[in-house]
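Student: Could you walk me through this one? I'd like to start with contacts and then move around a bit.

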Amino acid sequence: MAQSKKSYGSNNQNYNNNNNNQKVKHSGAKNTTYTPLSGPNKGVEQHLTTGWRLSKGELIAIKCVTTSKSNLSDKGWFGSVACTFTNTKTGVQSFHWGTMQKNGGKVVIDGMAFVINPRAKNGGYAGTFLRSN
């Protein structure tokens with residue numbers, strides 16, 4: 001009977017070790033559409049994509065939103081999307097212009113080679129991309 005308990009405990013220990021070895025998520029993204037009730041864009045449909053990324057142990061929060069300058073192209077992309085990157089540890093912010101896909105909310109910032117994709121598997125992706133020629 002003592003062996004039975006030892007064996008059970010051993011199996012349980014292996015199960016816990018397997019759970020601890022799972023990959024840790026380093027980024028994520030979501031998108032939504034809303035209509036502000038006040039302010040300069042009152043009554044105008046806005047598209048918002050938010051993301052996050054762990055960079056060198058620090059959390060970077062990303063917020064990209066359409067503006068009054070954002071025009072929808074024939075191919076379904078908004079130009080002039082305002083993107084703000086905030087380091088949550090230091091509070092430092094940086095601003096960049098990007099383009100956003102209307103269906104899906106994917107945001108591309110060419111100057112940084114950065115993409116925020118809410119439809120990527122496992123909760124979205126925010127990070128660099130390599131351009132294939």
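Tutor: Contact here means heavy atoms within 4.5 Å, and please keep in mind that this is a predicted model.

Student: OK, so what does Met 100 touch, leaving out residues up to four places away in sequence?

Tutor: Met 100 touches His 47, Thr 49, Cys 64, Thr 66, Gly 76, Trp 77, Phe 78, Val 81, Gly 105, Lys 106 and Val 107. Taking Thr 49 from that list, Met 100 and Thr 49 are 51 residues apart in sequence, while their C-alpha atoms are 8.7 Å apart in space.

Student: Which strand is Met 100 in, and is Met 100 buried or exposed?

Tutor: Met 100 belongs to strand β5, which covers residues 93-101, and because its relative accessible area is 2%, Met 100 is buried.

Student: Cys 64 was among those contacts; which residue does a disulfide join Cys 64 to?

Tutor: A disulfide joins Cys 64 to Cys 83, with an S to S distance of 2.4 Å. The pair links distant parts of the chain, Cys 64 being in strand β3 (residues 58-66) and Cys 83 in strand β4 (residues 77-87), 19 residues apart.

Student: And why is that disulfide right-handed?

Tutor: The disulfide is right-handed because the torsion about the S-S bond of Cys 64 and Cys 83 is about 120 degrees. Cys 64 is buried, at a relative accessible area of 0%, and Cys 83 is likewise buried, at 0%.

Student: Switching to the surface: which residues make the nonpolar patch?

Tutor: Trp 52, Leu 54 and Leu 59 make a nonpolar surface patch of about 220 Å². Leu 54, which lies in strand β2 (residues 46-55), counts as partly exposed because its relative accessibility is 33%.

Note on methods:
Residues numbered from 1 in each chain as written. Predicted model: local features only at pLDDT ≥ 70, side-chain atom pairs only at ≥ 80, totals over all residues. Heavy atoms only, no water. Patch = residues over 30% accessible without salt bridge, like charges linked within 9 Å, V, L, I, M, F, W, Y side chains within 5 Å. Areas by Shrake-Rupley, 256 points an atom, 1.4 Å probe, with all protein chains shown as cover. Salt bridge = Lys/Arg side-chain N within 4 Å of Asp/Glu carboxyl O. Helix = DSSP H or I, 4+ residues; strand = E, 2+ residues; numbered from the N terminus. Buried < 20%, exposed > 50% of the residue type's maximum accessible area, 1.4 Å probe, protein only. Disulfide = S-S within 2.5 Å.
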